[in-house]
Amino acid sequence: MSTPTHGPVPDIVKTALLNAPIQKVWDAVATAEGIAAWFMPNDFRPELGSEFSLHSPYGTSPCRVEELDPPNRLVFTWGDEWIVSFNLIEQDGKTEFTLTHSGWGEAQDIIAPTGQKRGEVRDRMDHGWEEIVGQRLRKHVEA
């Protein structure tokens with residue numbers, strides 16, 4: 001389903017039931033080494049208010065830890081507008097992991113410096129998160 005061409009862009013939400021205990025998933029999503037293994041290189045520090053960088057193929061993005069509630073919730077800003085949250089719920093030795101990527105704004109607005117509409121970028125990133133959470137994170141924590 002694609003994003004509407006006008007109006008607010010909906011959040012990206014990806015949920016996966018991972019066959020791994022909550023502490024193992026937490027270590028994968030809330031440490032620099034863990035995040036690098038399934039997402040991208042970074043200099044993350046699990047401290048409220050700490051600033052860090054994500055190093056993507058498109059360049060370095062500044063981030064900041066906004067919420068930290070081990071082992072259940074991590075929220076950080078990504079760049080100037082995006083907010084990413086990781087929510088973990090323990091379920092009989094498994095972990096329900098939910099990623100929410102918000103802060104998209106209006107579909108027709110342009111993201112500088114890419115020159116692309118927010119809705120189009122959101123659709124691409126929606127597919128990317130599907131692979132990252134559903135395959136790469138799963139493979140990392142279930143190994």
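Which element supplies the largest share of the lining of the largest pocket? The answer is helix H3, with 7 residues. The model on display is a predicted one, and the tour below begins at this pocket.

**First stop: the largest pocket**

Please select Tyr58, Trp78, Trp82, Val121 and Met125. Of the 27 residues that line the largest pocket, these five lie nearest its centre. The space in the largest pocket amounts to about 970 Å³.

Next, colour strand S3 (59-69), strand S7 (110-111) and H3. Each of these elements gives at least two residues to the lining of the largest pocket. Then colour the lining by residue class: 15 of its residues are nonpolar, 8 are polar and 4 are charged.

**Second stop: helices H1 and H3**

Keep H3 (residues 118-142) selected and add H1 (residues 22-29). The axes of these two helices come within 10 Å and cross at roughly 125°. Because angles of 65 to 115 degrees count as roughly perpendicular and those over 145 as roughly antiparallel, H1 is therefore oblique to H3. The crossing of H1 past H3 is right-handed.

To see where the helices touch, display the side chains on both. H1 contributes Lys24, Val25, Ala28 and Val29 to the contact, and H3 contributes Leu137, His140 and Val141. Classed by type, the contact of H1 with H3 consists of 5 nonpolar residues, 1 polar residue and 1 charged residue.

**Third stop: the loop between S3 and S4**

Return to S3 and move on to the loop that runs between S3 and strand S4 (73-78), where Pro71 is found. Select Pro70 together with Pro71 and inspect the backbone. The peptide bond joining Pro70 and Pro71 is cis, with omega about -10°.

**Fourth stop: the loop between S5 and S6**

Which residue that is not a glycine has a positive phi of about 50°? Select Asp92 and display its backbone: Asp92 has this positive phi, although it is not a glycine. Asp92 is placed in the loop between strand S5 (82-91) and strand S6 (94-102).

**Closing view**

Finally, show H3 once more, with both of its settings visible. H3 supplies 7 residues to the lining of the largest pocket, and Leu137, His140 and Val141 of H3 take part in the contact with H1.

Key. Residues are numbered from 1 along each chain as its sequence is written. This is a predicted model: local features need pLDDT of at least 70, side-chain atom pairs count only at pLDDT 80 or more; totals for chains, interfaces and linings use all residues. Side-chain values use heavy atoms; hydrogens and water are left out. Axes are lines fitted to C-alpha atoms, for helices over the stretch in contact, and angles run from 0 to 180 degrees between N-to-C directions. Helices (H or I, at least four residues) and strands (E, at least two) are DSSP runs, numbered from the N terminus. Angles under 35 degrees count as roughly parallel, over 145 as roughly antiparallel, 65 to 115 as roughly perpendicular and the rest as oblique. A crossing is left-handed if the near helix is turned anticlockwise from the far one by less than a right angle, and right-handed if clockwise. Contact means heavy atoms within 4.5 Å. Ala, Val, Leu, Ile, Met, Phe, Trp, Tyr, Cys and Pro count as nonpolar, Asp, Glu, Lys and Arg as charged, and the others, Gly among them, as polar. On a 1 Å grid over the protein atoms alone, a cavity is a set of points where a 1.4 Å probe fits but cannot get out, and a pocket is an open set with protein on both sides within 12 Å along at least five of seven lines; lining residues have an atom within 4 Å of a point. Grid points are joined across faces, edges and corners, and a volume is the space filled by probe spheres set on the points.
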